[in-house]
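Subject: Handing over the structure

Hello,

I am passing this structure on to you, along with some notes on what turned up in it. Please have a look first, and then read on.

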Amino acid sequence: MRASISCPPPNGPLLMGRGGTRRAGGGGPGWRASRRLRGCGSQSWRLSGCPRQYCAGRHHHHSRRVWPGCWTRRARRPPRQLRHPLQPSLPPPRPVPMEEMEEELKCPVCGSFYREPIILPCSHNLCQACARNILVQTPESESPQSRRASGSGVSDYDYLDLDKMSLYSEADSGYGSYGGFASAPTTPCQKSPNGVRVFPPAMPPPATHLSPALAPVPRNSCITCPQCHRSLILDDRGLRGFPKNRVLEGVIDRYQQSKAAALKCQLCEKAPKEATVMCEQCDVFYCDPCRLRCHPPRGPLAKHRLVPPAQGRVSRRLSPRKVSTCTDHELENHSMYCVQCKMPVCYQCLEEGKHSSHEVKALGAMWKLHKSQLSQALNGLSDRAKEAKEFLVQLRNMVQQIQENSVEFEACLVAQCDALIDALNRRKAQLLARVNKEHEHKLKVVRDQISHCTVKLRQTTGLMEYCLEVIKENDPSGFLQISDALIRRVHLTEDQWGKGTLTPRMTTDFDLSLDNSPLLQSIHQLDFVQVKASSPVPATPILQLEECCTHNNSATLSWKQPPLSTVPADGYILELDDGNGGQFREVYVGKETMCTVDGLHFNSTYNARVKAFNKTGVSPYSKTLVLQTSEVAWFAFDPGSAHSDIILSNDNLTVTCSSYDDRVVLGKTGFSKGVHYWELTVDRYDNHPDPAFGVARMDVMKDVMLGKDDKAWAMYVDNNRSWFMHNNSHTNRTEGGITKGATIGVLLDLNRKNLTFFINDEQQGPIAFDNVEGLFFPAVSLNRNVQVTLHTGLPVPDFYSSRASIA
């Protein structure tokens with residue numbers, strides 16, 4: 001299916017928005033002579049003075065004309081629209097489906113549509129109620145007042161150490177009160193669908209009739225963004241210091257109105273029932289049971305007006321949009337845009353606030369400019385989306401072509417094999433199996449690419465839909481609050497559709513062919529030769545024991561022809577059993593006389609043998625060689641599969657990271673059988689990060705904490721406690737953390753299919769994971785605040801061996 005998406009032209013106009021114009025406070029003829037205000041065009045205004053005919057006495061203007069250099073304080077006026085006479089017309093965007101935009105409109109804490117969203121300094125959004133729920137109290141040493149008293153830099157919001165990257169909880173989720181100080185224990189509320197825990201306030205708020213935004217917050221409160229995990233300490237304004245995202249509210253409003261489904265009750269705990277009434281004062285939809293339970297028709301609620309849900313939706317839609325006001329001066333509307341801080345400001349911010357020395361520009365001009373920039377960025381992303389859709393059509397056609405080519409090839413192969421005698425039936429089945437394997441491999445590669453491209457396209461389309469809805473907003477200041485972040489996201493998403501992403505990874509042709517004429521000729525000659533004396537076959541190869549060896553779970557074998565052999569060999573076949581005395585299988589066929597076999601089981605005994613072949617036939621097998629793999633594993637970290645931010649040293653035994661984000665590095669050796677134990681010592685541990693240790697599959701995600709996906713089984717630990725994590729599920733919080741010099745032990749028992757962790761030679765918690773089987777690689781995730789060194793080739797701890805023998 002091909003969808004068409006239309007974006008505004010690069011230099012096209014933007015939708016008209018609402019914004020109030022204010023007169024800046026008085027001053028005098030020489031007020032801020034060096035201050036510059038840049039208007040919508042190239043004109044620059046210098047605030048120097050005003051002509052006598054327009055200003056007298058206290059600068060009371062008698063004309064409607066206001067001289068730019070001498071503003072005077074006036075009574076507040078309702079906001080008026082900004083009109084740009086030179087604004088060109090915009091082609092209306094083509095309608096696109098809005099379903100894929102829904103994830104952009106949901107709060108990362110509660111998982112529901114944003115209600116009264118606020119914008120954090122990191123450009124992410126939160127419901128106002130959710131932001132209040134995840135507030136925690138910080139120690140005095142981290143408070144803004146203590147920082148100012150100590151001479152630290154002063155800012156509206158003080159970020160906690162970015163090395164920490166998040167707050168750590170006393171619950172299994174890993175989020176909560178800041179470690180390292182005493183505070184009242186916090187109890188997690190119910191878990192949201194996206195895995196983020198919601199916490200109540202650190203202390204019960206006093207009884208008040210104020211709204212959640214105006215209610216006082218605990219002193220020294222801080223909040224951690226649940227998406228990027230950046231932590232900041234609130235100033236005296238509390239949550240009122242965060243601007244409200246009215247553009248997002250408008251987009252959510254339109255999105256919900258576009259849904260034709262029946263309105264659901266907002267208070268049902270499990271499956272929401274269809275709403276029967278809406279309270280205009282509470283602004284809540286109720287079903288009958290919830291209305292009787294939560295909104296009884298008595299007391300103060302008896303005066304509330306209950307209306308049908310459809311009427312309530314209309315009244316909510318027609319409610320006037322709130323006017324944008326300054327977060328520092330709540331009674332003032334935004335009138336200008338600070339270029340340095342990238343935010344709308346009011347005239348008081350320019351007169352007496354922190355923006356007094358900053359470069360500012362007209363709100364309408366910057367609104368047009370940012371909308372134009374977002375439109376230009378969307379043009380490129382729209383082209384990528386169009387190419388991706390065409391690429392998906394190409395991939396789907398490739399699937400059909402592969403199916404057709406496979407059927408055709410199999411038909412030819414069967415026709416050729418049927419021409420042979422019955423002795424070739426077994427060989428025919430083997431050839432068919434090879435073709436089917438190639439067929440499945442090609443299909444798997446193409447389908448995986450289809451799946452990957454579909455997911456990226458859905459995310460890209462969702463972002464485009466969201467951006468198009470944002471562009472429709474008529475609120476300049478609200479738009480400018482989020483435009484920079486959206487432009488960066490659009491550019492980043494476009495960059496992800498880089499070179500090679502839209503190129504097929506597999507061809508539709510089968511690079512196999514079958515020429516049966518030489519084989520038919522050989523068969524006729526074989527029948528003829530059976531009547532005569534048989535041609536010589538190669539002599540039995542001799543294994544060179546002095547060159548055969550094992551290392552870890554690899555075996556190297558070498559052989560040669562007997563010295564007096566006169567019959568040349570065309571090649572050799574090396575066979576090994578399964579390490580348990582099972583059947584032999586071919587591991588090498590070729591002309592070389594030395595072969596190294598990797599990926600064997602540790603502490604296992606293998607039998608190996610070799611034979612030679614030529615056109616006449618094969619030789620007898622050599623003597624059987626018994627190989628014993630290592631009892632314990634010696635390995636290092638693998639730089640080839642590690643994330644690019646990983647830094648390795650000490651012969652790839654010591655690892656750290658160049659990023660504040662968690663990055664994953666794997667060991668070089670994989671385990672699928674036996675009992676294995678290794679340790680890691682902590683060489684550096686700053687700012688209380690939470691590294692993770694464990695095992696993982698080769699295709700584990702490398703740019704998140706170990707255990708965030710279903711390809712890793714890990715324990716992550718801070719300076720106070722630890723958790724087990726797999727598939728982003730936290731379990732078994734255990735007291736006791738790590739410091740510099742601590743030793744973490746990892747015990748992987750694939751005989752009993754479990755994984756156990758140790759800290760300083762003491763078992764940490766119960767057995768972490770059961771029923772683990774398959775191929776596992778040692779794994780670690782850490783950031784730049786941690787450095788660890790790997791120690792391998794260690795025996796299993798004595799107490800575990802004795803416990804295993806008793807069991």
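In what sense do β11 and β12 pair, and over how many bridges? The two strands are antiparallel, and 3 bridges hold the pairing. Before going further, please keep in mind that this is a predicted model.

**The sheet around β11**

β11 and β12 belong to an open sheet of 3 strands, ordered β12-β11-β13 and paired antiparallel. β12 and β13 (306–307) each have a single partner strand, so they stand at the edges, and one side of each is left without a neighbour in the sheet. To find the pairing by eye, start at M278, which stands opposite F285 in β12.

The loop between β11 (277–279) and β12 (284–286) contains D283. Most residues other than glycine have a negative phi. D283 is not a glycine, yet its phi is positive, near 60°. Is D283 buried, partly exposed or exposed? Its relative accessibility is 26%, so it counts as partly exposed.

**The chain overall**

The protein chain has 807 residues, and 46% of them count as buried. It holds 11 helices and 38 strands. Among contacts with a separation of 6 or more, 66% are between residues 24 or more positions apart.

**The β9 and β10 hairpin**

Another hairpin to look at is made by β9 and β10, with 6 residues between the two strands. In its turn, H229 has a positive phi of about 65°. The strands, β9 (residues 221–224) and β10 (residues 231–233), run antiparallel and are joined by 3 bridges. I223 stands opposite L232 in β10.

Both faces of β9 are covered. On one side S221 and I223 are buried, and on the other C222 and T224 are buried as well. Leaving out residues up to four places away in sequence, I223 touches L126, A131, I134, L135, R230, S231, L232, L234 and F242.

**The nonpolar cores**

In soluble globular proteins, nonpolar side chains tend to be buried together. Which residues have the most contacts inside the largest nonpolar core here? They are L126, I223, L374, L378 and Y466, in a core of 68 residues. Two or more residues of this core come from each of β5 (117–119), β6 (125–127), α1 (128–133), α3 (246–258), α7 (363–418), α8 (425–471) and α9 (476–496). α7 gives the largest share, with 17 residues. Another core lies apart from this one; it has 38 residues, including W678, V717, L748 and V788.

Helix α7 is also the place of Q394. With a relative accessible area of 38%, Q394 is partly exposed. Q394 and T503 are 109 residues apart in sequence, while their C-alpha atoms are 9.9 Å apart in space.

**Strands β26, β28 and β38**

Further along the chain, β38 (residues 786–791) pairs with two strands that I would look at together. It runs antiparallel to β26 (residues 654–657), with 2 bridges joining them, and T654 has T789 as its bridge partner in β38. β38 also runs antiparallel to β28, and here 6 bridges join the strands. R684 has Q787 as its bridge partner in β38.

After β28 (675–685) comes a loop that leads to β29 (692–696), and N687 sits in it. N687 has a phi of about 60°, a positive value although the residue is not a glycine. At 29% relative accessibility, N687 counts as partly exposed.

**Cavities**

How many cavities of 30 Å³ or more does the structure hold? There are 4. The second largest has a volume of about 50 Å³, and its lining is made by E631, V632, A633, F635, F671, V675, H676, Y677, W678 and L794. Of these lining residues, 8 are nonpolar, 1 is polar and 1 is charged. W678 is a residue to pick out here, as it lines this cavity and is also among the residues of the 38-residue core.

If you want a place to begin, try I223: it is buried in β9, stands opposite L232, and is among the residues with the most contacts inside the largest nonpolar core.

Enjoy exploring it, and send me any questions.

Best wishes

Definitions and conventions
Residues are numbered from 1 along each chain as its sequence is written. This is a predicted model: local features need pLDDT of at least 70, side-chain atom pairs count only at pLDDT 80 or more; totals for chains, interfaces and linings use all residues. Side-chain values use heavy atoms; hydrogens and water are left out. Helices (H or I, at least four residues) and strands (E, at least two) are DSSP runs, numbered from the N terminus. Buried means under 20% relative accessible area, exposed over 50%, partly exposed in between (1.4 Å probe, protein chains only). Two strands pair if DSSP finds at least two bridges between them. A nonpolar core is a set of buried Ala, Val, Leu, Ile, Met, Phe, Trp, Tyr and Cys residues joined through side-chain atoms within 4.5 Å. Contact means heavy atoms within 4.5 Å. On a 1 Å grid over the protein atoms alone, a cavity is a set of points where a 1.4 Å probe fits but cannot get out, and a pocket is an open set with protein on both sides within 12 Å along at least five of seven lines; lining residues have an atom within 4 Å of a point. Grid points are joined across faces, edges and corners, and a volume is the space filled by probe spheres set on the points. Ala, Val, Leu, Ile, Met, Phe, Trp, Tyr, Cys and Pro count as nonpolar, Asp, Glu, Lys and Arg as charged, and the others, Gly among them, as polar.
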